[in-house]
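Student: I should like to examine how the terms applied to a protein model are justified. May we take them one at a time?

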Amino acid sequence: MIFLDGLQVLACAGCGGFTRQISARNTLKGRVKHIAPGAVNTEVTVELPGGAEVVSIITKASAERLHLTQGAEVYAVVKASDVMIATD
């Protein structure tokens with residue numbers, strides 16, 4: 001499972017072929033596996049082909065605007081200035 005802050009991962013529903021242009025190069029196509037709405041934010045789990053999962057925290061308003069539902073096809077769009085590596 002990949003867990004990224006909502007500032008770095010955007011959920012994009014219904015943007016197959018990207019009718020809107022974006023600058024992010026890293027897009028991961030998958031399906032909404034789980035939606036956990038909160039008072040302000042919503043946690044969205046996207047299952048990728050092969051079973052890996054990406055979890056994103058987005059605003060509740062964004063989740064509602066995107067009409068996210070379990071099983072919906074979405075894109076996790078990763079926009080980050082850096083990626084850190086750690087070892088034990």
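Student: Among contacts in the protein chain between residues at least 6 apart in sequence, what percentage join residues at least 24 apart?

Tutor: The share is 59%. Please bear in mind that this is a predicted model.

Student: What does the confidence of the prediction look like along the chain?

Tutor: The mean pLDDT of the protein chain is 79, and 70% of its residues reach 70 or more. Confidence is highest in strand E4 (residues 41-47), at a mean of 94, and lowest in strand E1 (residues 2-4), at 47. Over residues 1-10 the pLDDT is below 50, although this stretch has 29 contacts in the model beyond near neighbours in sequence. Where pLDDT is low, the predicted coordinates should not be read in detail.

Student: Which elements make up the chain, and in what pattern?

Tutor: The protein chain holds one helix and six strands. Along the sequence they follow the pattern β-β-β-β-β-α-β.

Student: Why is Thr42 called buried?

Tutor: The cut-off for buried is under 20% relative accessible area. Thr42 has 3% relative accessibility, and therefore it counts as buried. This residue is found in strand E4. Leaving aside residues up to four places away in sequence, Thr42 touches several others, including Ile35, Pro37, Ile58 and Ala63.

Student: What makes E6 largely enclosed by the rest of the structure?

Tutor: Five of the six residues of E6 are buried, so the description holds. Strand E6 (73-78) is also one of the elements that each supply at least two residues of the largest nonpolar core. That core has eleven residues, among them Val32, Val46, Leu68 and Ala76.

Student: How is strand E3 placed with respect to E6 and E4?

Tutor: Strand E3 (residues 26-37) pairs with E6 in the antiparallel sense over six bridges. Asn26 stands opposite Val78 in E6, and Leu28 stands opposite Ala76 in E6. E3 and E4 also run antiparallel, joined by six bridges; here Val32 stands opposite Val46 in E4. Three residues lie between E3 and E4 in the hairpin that they form.

Student: How do you know that Lys33 forms a salt bridge with Glu53?

Tutor: The rule requires a side-chain nitrogen of Lys or Arg within 4 Å of a carboxyl oxygen of Asp or Glu. For Lys33 and Glu53 the closest N and O atoms are 2.5 Å apart, so by this rule the pair qualifies. Lys33 lies in strand E3 and Glu53 in strand E5, so the pair ties together parts that are 20 residues apart in sequence.

Student: Are these two partners to be called buried or partly exposed?

Tutor: Lys33, at 36% relative accessibility, counts as partly exposed. Glu53 is buried, with a relative accessible area of 12%.

Student: Which residues are joined into one network by salt bridges that share partners?

Tutor: The network consists of Lys29, Arg31 and Glu73. Glu73 forms a salt bridge with Lys29, the closest N and O atoms being 3.8 Å apart. Because Glu73 lies in strand E6 and Lys29 in strand E3, this pair ties together parts that are 44 residues apart in sequence. The side chains of Arg31 and Glu73 meet in a salt bridge too, at 3.8 Å from N to O. By the rule, the count comes to three salt bridges.

Student: What makes Glu73 partly exposed?

Tutor: Partly exposed lies between the cut-offs of 20% and 50%. Glu73 has 37% relative accessibility, so it counts as partly exposed.

How values were computed:
Residues numbered from 1 in each chain as written. Predicted model: local features only at pLDDT ≥ 70, side-chain atom pairs only at ≥ 80, totals over all residues. Heavy atoms only, no water. pLDDT = per-residue confidence, 0-100. Helix = DSSP H or I, 4+ residues; strand = E, 2+ residues; numbered from the N terminus. Contact = heavy atoms within 4.5 Å. Core = buried A, V, L, I, M, F, W, Y, C linked by side-chain atoms within 4.5 Å. Buried < 20%, exposed > 50% of the residue type's maximum accessible area, 1.4 Å probe, protein only. Pairing = 2+ DSSP bridges.
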